[in-house]
Structures are given as structure tokens and as C-alpha cells.
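Biologist: Could you take a close look at the ligand site for me? I'd like to hear what lines it and what touches what.

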Amino acid sequence: MDKKITSIINSKSREAEAFRTLRTNIQYSSLDEEIKTLVVTSSAPSEGKSTVISNLAVSMAQAGKKVLLVDCDFRKPTIHKKFALSNNNGLTNIIIGDAKIEECLKATETERLYVLTCGTIPPNPSEMLGSKAMRKYINDFKEIFDLILIDAPPVLAVTDAQLLAVNVDGVVLISSYGKTEKKAIIKSKELIENVGGKVLGVVLNMVPTKANEYYYSKYYGHYGK
Ligand SMILES: Nc1ncnc2c1ncn2[C@@H]1O[C@H](COP(=O)(O)OP(=O)(O)O)[C@@H](O)[C@H]1O
Ligand SMILES: [Mg+2]
């Protein structure tokens, strides 16, 4: 697995603390219904979707949940790289009936965390993600795991994230500090909500250290009043 991910999550760093906070916020975001399936997406490419979801998956597994991280970015799959796994035998191979679930679930260095990589990149990603088979497999995974985390392509580019949002308990949007425009976040939220998806919150990623310190001091200052 990516050394960076293990060291971040195991440390007492601000990053590790940020992921523990995110974990708690997700757990408390829906009090009546436990979040069992979650899509992570953002408005555009390279805002940190795959990085954040990988760290979150480790953090959730460390908190005692049996977690499945699924790479549903069939256009630019990267989860296998983050965990140094082969991308052979992944979700697309299951959907087309070429492989069985138990052949494709890959264990990781983190206890209780399993990864389902994308598999062979298909010519028709949206069709596959919106298929009945996809819905069935998400339901099957819920029988085996406590939490299913789904990495998705960007919302504004293609319809895939919306198709996935319909079948899950919640969606987390990632934004990149100084890069993601406010109107892009608002538009992404609207697109998810238009199909009946539930946006649980927005993560501000790639915050420079100085700005971060400023943010924290302001935050605590506010609390102190
Ligand atoms: N908080 C962060 N700090 C530093 N680099 C980051 C951070 N989040 C993501 N990156 C880097 O940015 C690049 C894009 O991230 P990635 O997670 O692949 O984005 P996406 O899945 O949204 O396309 C990767 O090289 C990743 O390592
Ligand atoms: Mg990605």
C-alpha cells in the first residue's frame, strides 16, 4: 500500500486528525439512518477524490468497520495504484460475468479494509454504472461489509457520479483550496440533488499550511467567545 497513506493515518499529524474528524462528521451526518454506502466525487479532475477516499477508507477500517473501497472511476481508475494492487479482476469483470466477487476482493495492509479495483476499462462506463447489475452488486456488498466507499469520476464532466449517487446513502464532495470555484461546487451539489442524491458535506482539500493555521486559529477563536 502507498506508504504515504499508511504513515498519514497512523501519525498524530494534522492530516490524521483531519481524517478522524471527517470520519466522525460522516458518522454523525445522518442520525436516523446509518451511512452504509457513500460516494466521493468533486466537480473536476485532480481535486483529490481518490486520495481523500483512500485515507478515509483506512481511517474507517481502523475505527473497527469492515470497509470495501470500490473504484467506480471507470474512466481514470487510480485506487489500485494508491494501494499498490493489480487492476486485474475488478468490478467491471464481475459486472460482465467474467469473474466472481470472491476472486476480485483484494485485502490490504489495513485490517478490515478490502479494495475492489476498476478492472478492465470498459467502452461504456455510464451504461455499466447505471445498470441493474451494478445496483445488485452494491446490495450484495452491503451483506458482507459495514461500509462501502465508492470513488467516482467528476460530476460536471460526465453523468457517472449522478448515476451512482442514486443508489447510495450519501455523497461527499471534494473541493481543492484556491482552485475549485464556488459556483462549480454549487452546480455539483445541484446535479446530485436533482437525481435524489444526498450531499452530506464538502471537504476542503489541499489547504496550504499557513492558511490552515489561520483557519484553525479563527475557528478556535470563535469557540472561545
Ligand atoms: N491534500 C493533498 N495534499 C497534497 N497532494 C494531494 C492532496 N490531495 C491530492 N493530492 C495529489 O493530487 C493529485 C490528484 O489527486 P487525486 O486524488 O488522484 O485526484 P482525483 O481523484 O480527484 O482526480 C495526486 O497526485 C495526489 O497525490
Ligand atoms: Mg481519482
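Modeller: Here's a walk around ligand 1, followed by a surface patch that shares a residue with the site. Keep in mind that this is a predicted model.

The shell around ligand 1 is made up of Pro45, Ser46, Glu47, Gly48, Lys49, Ser50, Thr51, Lys82, Asn205 and Met206. Sorted by class, that's five polar residues, three charged ones and two nonpolar ones. Helix α3, spanning residues 49-62, is the top contributor to this shell, with three residues.

Now for the polar contacts, going along the chain. At Glu47 it's the backbone that does the job: one of its N or O atoms sits 3.1 Å from an oxygen of ligand 1. Lys49 uses its side chain instead, with an N or O atom 2.8 Å from a ligand oxygen. Thr51 also brings in its side chain, placing a polar atom 2.5 Å from an oxygen atom of ligand 1. As for cover, ligand 1 on its own has 560 Å² of accessible area, and the protein hides 62% of that.

Met206 is worth a second look. Besides being part of the ligand shell, Met206 joins Tyr177 and Leu204 in a nonpolar surface patch, and together the three have about 300 Å² of accessible area. Tyr177 comes from the loop that links β6 (170-176) to α10 (182-194). Its relative accessibility is 37%, so Tyr177 counts as partly exposed, given that this class runs between the 20% and 50% cut-offs.

Methods:
Residues numbered from 1 in each chain as written. Chains lettered and ligands numbered in written order. Predicted model: local features only at pLDDT ≥ 70, side-chain atom pairs only at ≥ 80, totals over all residues. Heavy atoms only, no water. Patch = residues over 30% accessible without salt bridge, like charges linked within 9 Å, V, L, I, M, F, W, Y side chains within 5 Å. Areas by Shrake-Rupley, 256 points an atom, 1.4 Å probe, with all protein chains shown as cover. Salt bridge = Lys/Arg side-chain N within 4 Å of Asp/Glu carboxyl O. Helix = DSSP H or I, 4+ residues; strand = E, 2+ residues; numbered from the N terminus. Buried < 20%, exposed > 50% of the residue type's maximum accessible area, 1.4 Å probe, protein only. Near = heavy atom within 4 Å. Polar contact = N/O pair within 3.5 Å; in protein donor to acceptor, adjacent residues only side chain to side chain. Nonpolar A, V, L, I, M, F, W, Y, C, P; charged D, E, K, R; others polar.
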